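These are my notes from an afternoon of looking things up in one structure. I kept the entries short and went from one local feature outward.

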Amino acid sequence: MADHEEQVTEFEPVVEFFDEVQPDGSIKRKKKTIRTKRILKSTTVAVPVERTTTTTTTTTSRGSSELSQHQEPIESTEAREIMEIREIKEIKESEETKKTEETEDVTESQKVKETKVVEHIQSSEKGTNAGSEESRGMKRTLEYRIFGEGGSKDHPLFRFLAKFPLKQSPAPHTRPRPVKAILYAYASGWKVGQEAPTESTQPNVGSFDTYLKFNGIEFELKPALEPSMSPSGKLPFLALSNGSFVTSDGFEAWVQENKDETATAELDLHEAAEAVAFISLAESKIHAALLYTLWFEPAHFYATTRQHYYGHHKWLLTVILSYLARSEVAHSMLLTRTQIDRELIFEEAASAIEALATQLGDMNEYFFGKSKPSSLDAVVFSYLHVILTLPRIRNADDAGRSGELASIVRKHENLYKYSQNIWKKWFAA
Amino acid sequence: MVSELYIYGGAYGLPSIDAQCLAMISYLSIVSHQEYTIVECNDPAVSPSGTTTKTTRQLPMLHDGNNWIAGTNRIISYLSKTGYNADEDLSAEDLAKSVAYSALADESLADAILFSWFADTENFFGATRKAYSNLFSFPSRYILPTQMRKSAVRRVQKYGHSVTIDSEKSTNEENTRIYDLARDCYRVLDRKLGDKDFFFGLKPTSLDAKVFAYLAVQLYPEIPNPQFQLILINQFPRLVAYCDRCREEFFANPPDITLPSEPSPFFTNPISAPREWFRNTFFFHSTTSSSRYVSSGNEKPKKTKEDREFDLKRIYAITFGVVAMATYAIVNGLVAIGNEEEEDEREEHKRSSSE
């Protein structure tokens, strides 16, 4: 007891049971709950007090034996504390005392009574706290009902289960922590099975790795085909050497923290504003046209898109998953437009591409006439590159529809050159 | 040009509740003063594109001569082809910038409005639902606002997981992303505007029409939870001044609000003109060939082919249904053909013979 008194912080209640043979032959079971707690609303305000309540119940079959609420004190300190507790209980809630009286009458269900006592000791202590504490109490009650007295730890079942696993061998195969960041992305290029050098095929993935390269961040690109392997459920994601992951939400912020300051172009306020506008242009208009080309041009969908995204599955899964994915794309497109109108989508994409061509100018290597790429370059290049490297479909039904977006880009000589230059400079090596 | 613009009706002291419609009104007031009339039709389902393809329900819609054009971007490109171009003075670079900024407005500003009006529970039940249900007629009044909310919430869900249609509590604390996004967008526009009267100098352009429309529906309505308004007023006073200026400029002489000039095939209702309505609803394709809409010229033959297939399928389905019903009736003896009299006769015969 003495060492308990010195503790100030709150800790799990320790419940002890011990039987004691009374002079009249009956056996009294004593229950002692020891709990250290800081009490706020009482005469002993903010004084760390160790509480000890001793409730006794009888296990004898002789019903005449009355419960004595408190046994004769084992130690004098204990008695003092019991007095304190009783005072506090009376101050706090009358219901508490009522329940305690209930315990004094012996009823048929002894265990339930004890549960209540346990519960009420807890609730009286934590009455000011809200639901989480209550739910903890509930949990404890449940635990009690399952495991019986003394909580879960003492129950034979628990002790039995705690032995498992019997032996713990070291993991045969731990995944080595990456030395540098790894970008998992749809990255196997357009032809299925094509080996490195890889290029991302999904536009926003493309902008990821392009953006990383432009910012001078070293990373390794690993092809992945299963979006659910990412913590956010979406590819791409970045696995860092410290074991954490960066998904699309925190990507921008992470790059800003880790980038090589000299790698990218400095944009002044107006240029930054314009970059935001043009990125938004590419991500809405060109993105829609690209999605349409990939998923809704039948020639393209059957020949390449389906194979690329789901070709690694069995053929039946490939068919089912690709149709599911297509309907998902359709839904996502319909969020921002009332119908998927091919003509309008391509008209807008053409005007967007024209706007980009005008903004780029004829002679510039990068946007805004800089000598280094900026975030706008990353986005625009990845879209242009994906569009220009789409495999060409030659068949009669298609009649050039699947290549329309690429031909729109090719009309603008400077955009075509721009894309070629960046590819050669940053990726082809 | 005497054309008609079909829009959602006004609310909150603005000519129209819908940003797209407001943009269209602004654009028309830039390019042509008093040469058009406004029809408040309020029901996107009646637009002609809505009757031909099932998914399109779109206002504003322009009726010019024999042409019906739906959708802001389509109308603007149609008008600029027919000589009402607000952007003709712009250089190529400015035009490119205009395209980019209007894309930004279409994305971010539109999302901000959808979030503020629909995803924010307090605003939706406190203001938006009421405003919209004042516009609609009886049955759709109780259905459409909720439907609009559903689609709006689906669109803005990408900004936070706590944006759901069922969330009762206010969504302000958890969804800082949309406010950051809106703030970024306002900042970009604010920088672009600078100290100029309009985005590209002294004359308003199509970009002004759009941006003003989106800002106006964010700024002027009185709503219970005006987070975006506070952002605008406290941090971007220049944009607020710009909005006031544009409001003066564009809505100074509002055009007349009229009824449709010709009894449009799309605007008949079953009570006032039951015969017309019946004909238009069930024999739509034969009566409206004269005033076909032009949104996509080369898709027309394809559409009619699809329609023909659809009609054929409908006939098949109806025939099948009737035959199946008749078969069921006969098999189960609900209807007996021809045998009844004979049986009666037989019974009578039996009876008479037994007697």
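**Entry 1: a hairpin in chain B.** I began with two strands of this predicted model. Strand β3 (residues 61-64) of chain B pairs with strand β4 (residues 67-70) of chain B; the sense is antiparallel, and I found four bridges. Which residue of β4(B) stands opposite L62(B)? I looked it up, and the partner is I69(B). The hairpin of β3(B) and β4(B) has two residues between the strands. G65(B) has a positive phi there, near 65°.

**Entry 2: the chains as wholes.** I then listed the secondary structure. Chain A comes to 15 helices and seven strands, while chain B has 14 helices and four strands. Chain A has 429 residues, and 28% of them are buried. For chain B, with 355 residues, the buried part is 39%. I also looked up how far apart in sequence the contacting residues lie. In chain A, 65% of the contacts with a separation of 6 or more join residues 24 or more positions apart. For chain B the corresponding figure is 65%.

**Entry 3: where the chains touch.** How many residues does each chain give to the contact? Chain B gives 26 residues and chain A gives 24 residues. On the side of chain B that touches chain A, α3 (72-81), α4 (92-119), α6 (138-156) and α7 (176-193) each supply at least two residues. The largest share, twelve residues, comes from α4(B). I sorted the residues on this side of chain B by type and got eight nonpolar, seven polar and eleven charged.

**Entry 4: helix α7 of chain B.** I picked α7(B) from that list for a closer look. It has 18 residues and reaches 25 Å from its first C-alpha to its last, close to the 26 Å expected at 1.5 Å a residue. Its buried residues are I178(B), A182(B), C185(B), Y186(B), V188(B), L189(B) and K192(B). Why do they lie on the same side of α7(B)? They do so because they cover an arc of only 160° around the axis. I found the exposed residues T176(B) and D180(B) on the face turned away from the buried side of α7(B). The buried residues of α7(B) pack against helices of both chains: α9 (269-296) of chain A, and α4, α6, α8 (206-219), α9 (227-235) and α10 (237-250) of chain B. After α7(B) comes G194(B), with a positive phi near 60°.

**Entry 5: helix α14 of chain A.** For a second helix I took α14 (residues 404-411) of chain A, where L405(A), I408(A) and V409(A) are buried. Seen down the axis of α14(A), these buried residues fall within an arc of 95°, so they line one face of the helix. They pack against α9, α12 (342-360), α13 (375-389) and α15 (413-427) of chain A.

**Entry 6: the core.** I noted a general point before the last search: in soluble globular proteins, nonpolar side chains tend to be buried together. The largest nonpolar core here has 138 residues, of which A352(A), L5(B) and A100(B) touch the most other members. The largest share of this core, 16 residues, comes from α4(B). What does A100(B) touch, not counting residues up to four places away in sequence? I found A277(A), F278(A), L281(A) and A355(A).

Terms used
Residues numbered from 1 in each chain as written. Chains lettered and ligands numbered in written order. Predicted model: local features only at pLDDT ≥ 70, side-chain atom pairs only at ≥ 80, totals over all residues. Contact = placed C-beta atoms within 7 Å. Nonpolar A, V, L, I, M, F, W, Y, C, P; charged D, E, K, R; others polar. Buried ≥ 20, exposed ≤ 12 C-beta atoms within 10 Å, placed from the backbone. Expected span 1.5 Å × (residues − 1). Arc of directions from axis to C-beta. Core = buried A, V, L, I, M, F, W, Y, C linked by C-beta atoms within 7 Å. Pairing = 2+ DSSP bridges.
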